[in-house]
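Dear colleague,

I am handing over the structure below for your records. My notes on it follow directly after.

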Amino acid sequence: MTQATISKPMPDCREQRPSEMRRGCLDECRSLVFFLILSVPFISGCDAPRIESGGSPEFQPSTQLKSMKIFVDVTDETGLSFVHKDGPSKSYEIPRAIGSGCGWIDANGDQLLDILIVDGGKEVDPGNTGTLAALYLQTEDGKFRNFTTEAGFLGTGYGMGLAIGDIDNDGDQDVYLTKYGPDQLFLNDGTGRFTDVARQAGIENLYWSTAVAMTDLNRDGWLDLVVANYVDYFPGTFCGDAAGRQEFGGPADFSGTPNRVFMNLGRAPDGTVRFEDHSAQTGLAAVPSKSLGLVCRDFDADGDTDIFVANDAEPNQLWIQNAGAFTDEAFLRGVAVNRFGEPEGNMGTVMGDFTGDLHPDLLVTHLSGEMNTLWQGDSNGYFSDQTSHFQFGKAGLAQTGFGIVAADVDCNGRLDILVANGKVNRDLYRLASGTGFWADYAERNQIFLEDAGDFLEVNDGAFTEHAEVWRALAAGDYDRDGDPDLLVTSIGRPARLYRNDAKKKGHWLCVQPLDAGRQRVAYGAAVTVIAENHSWTVEILPHTSFLSSHEPVAHFGFGDVATIKSVEVIWPEDAMMVEEFPVPQLDRRIELIRGNGLRRRSRVLEETP
């Protein structure tokens with residue numbers, strides 16, 4: 001559910017020469033900055049959401065936002081009862097402002113999507129002990145029962161994010177937890193009960209970790225681990241805002257830490273899982289950074305997996321792989337900084353063809369005062385910042401985005417954008433919005449529907465309704481009706497489940513590419529559906545967004561297209577070949593088994609996802 005490609009005419013603004021686009025972008029942004037400087041005292045408090053004591057703030061939608069029914073809050077009716085533990089009240093320890101993660105998992109193998117949510121802790125301390133994640137199993141009636149006690153996610157530290165996938169190729173899904181504290185790797189016994197095997201598996205990461213990806217870096221059929229580490233934080237550090245009030249510190253107050261790469265060596269003869277630390281060999285450990293997001297995929301179309309790292313207030317990194325060695329080419333390929341040459345507060349990540357040119361683009365969420373940046377990609381893995389050509393850039397200026405999803409919410413054949421927002425610092429120009437500790441950090445979420453080559457912000461009265469400190473956002477079709485539903489977390493508040501009730505504007509198809517020999521979904525596979533005048537491509541990248549794990553499925557909406565011609569898969573272990581499959585019936589979920597296709601052929605450059 002992380003990337004789709006569609007074939008359609010390009011908007012006029014992207015048909016300009018690069019020099020014209022840069023001039024237009026610069027002029028537009030200068031005007032915007034001038035407007036904001038003049039307007040900040042008037043904008044910042046007038047429409048601030050109000051928070052009543054003990055309650056959730058209500059969002060009064062602007063008259064400029066179109067209202068339409070998309071999502072419905074079904075948290076209470078489905079039995080989801082998780083409330084995030086956010087540490088000591090009124091504490092300004094920075095980890096409080098970052099978590100918590102969430103994801104979709106089939107924990108007990110019954111083909112129903114379950115919910116896994118990372119908790120914080122009573123104390124912001126690496127030595128804090130307790131249950132670090134809550135598991136809710138879905139029942140046949142679409143409700144969720146709390147299975148946390150039986151699941152066994154016990155450990156130390158303050159919880160952050162997660163990755164979900166089958167790391168031992170035994171047919172069930174395992175879990176890696178990142179934390180402010182030692183990371184943990186939990187093996188699933190197939191019933192939804194988990195055992196921590198990090199130490200005996202050779203995994204040791206004592207840095208404050210955030211994002212994590214399960215991805216096959218060396219294409220050997222075993223999922224490796226890429227772990228993003230944040231700052232070298234030490235508790236008790238006092239940070240203040242411009243008004244002299246205590247405030248959460250930022251990345252500039254601390255040094256960075258090296259990211260980690262653990263290569264999966266497969267199962268030993270006795271069945272144990274083994275990993276080897278390749279952080280130094282790959283080169284990632286040589287450059288300390290302040291990392292919050294990851295995208296692991298083949299950026300340069302050479303058949304191996306590369307690593308994009310979203311860094312907080314520092315240039316991003318794009319580690320291009322060449323036979324196991326990685327070189328940072330972020331500046332060369334255009335994704336290190338924004339169009340002004342400035343690093344930003346990079347956090348959540350998503351890939352998708354937002355510009356309609358059949359090449360995947362990179363969209364990263366940012367702090368308020370910075371637009372959520374869109375880097376438009378080309379066929380060779382080079383990018384240019386085209387944010388100013390889209391409404392979501394300006395519409396996100398006042399928000400701080402974290403979790404982000406690109407999905408076709410109404411099955412019209414075009415990607416939409418969903419963003420989970422919540423500040424990390426007070427807005428000095430914003431009026432007090434309530435009495436709770438998190439009131440001054442609360443923001444509403446945003447939905448941007450694709451509209452004639454641009455994206456129109458809408459209010460759905462549910463996902464966009466309440467202002468809270470939202471963080472992780474994960475997409476999954478839990479009710480199996482063919483459209484993506486949303487799971488989102490909030491600091492110190494209940495996690496929320498939003499069912500997608502948007503009216504479908506076309507047929508749909510959900511595809512899981514399976515490697516039967518390895519008994520799991522093929523992470524990194526690219527699924528392409530081809531119609532007469534359209535094509536759509538989805539890559540299986542469950543680790544994108546922020547601290548999240550999506551359902552590993554390729555979801556397609558087709559709009560006014562009634563028939564398709566072919567379905568193709570590029571498998572991660574054989575990335576220079578395309579396997580063609582029979583045309584399935586639409587409006588259903590299907591599995592494509594590696595090796596069971598009609599034919600195989602060599603891939604050409606134009607087919608690169």
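The notes below cover the nonpolar cores, one sheet and the cysteines.

Please bear in mind that this is a predicted model. Its largest nonpolar core comprises 42 residues. Within that core, the residues with the most contacts are Tyr-176, Phe-275, Phe-556 and Phe-558. Strand β32, residues 508-515, gives the most to this core, contributing three residues. A second core, separate from this one, has 19 residues, among them Ala-420, Ile-447, Trp-470 and Leu-473.

Phe-275 merits a closer look in the viewer. Leaving aside residues up to four places away in sequence, Phe-275 touches Ile-167, Leu-185 and Ala-201, and its partners also include Leu-223, Phe-262 and Met-263. Asp-224 and Asn-264 are likewise among the residues that Phe-275 touches.

Turning to the sheet, four strands form an open arrangement in the order β17-β18-β19-β20, with antiparallel pairing. β17 (291-297) and β20 (325-328) stand at the edges with a single partner strand each, so one side of each has no neighbour in the sheet. From one strand to the next, the twist averages 20 degrees. Strand β19 (residues 317-322) is joined to the antiparallel β20 by four bridges, and Asn-322 stands opposite Ala-325 in β20.

As for the cysteines, the count of disulfides is zero. The closest cysteine sulfur to that of Cys-411 belongs to Cys-510 and lies 7.9 Å away, which is too far for a bond. Cys-411 counts as buried, at 0% relative accessibility. Cys-296 also counts as buried, with a relative accessibility of 2%.

With kind regards

How values were computed:
Residues numbered from 1 in each chain as written. Predicted model: local features only at pLDDT ≥ 70, side-chain atom pairs only at ≥ 80, totals over all residues. Heavy atoms only, no water. Core = buried A, V, L, I, M, F, W, Y, C linked by side-chain atoms within 4.5 Å. Buried < 20%, exposed > 50% of the residue type's maximum accessible area, 1.4 Å probe, protein only. Helix = DSSP H or I, 4+ residues; strand = E, 2+ residues; numbered from the N terminus. Contact = heavy atoms within 4.5 Å. Pairing = 2+ DSSP bridges. Axes fitted to C-alpha atoms, helices over the stretch in contact; angles between N-to-C directions. Disulfide = S-S within 2.5 Å.
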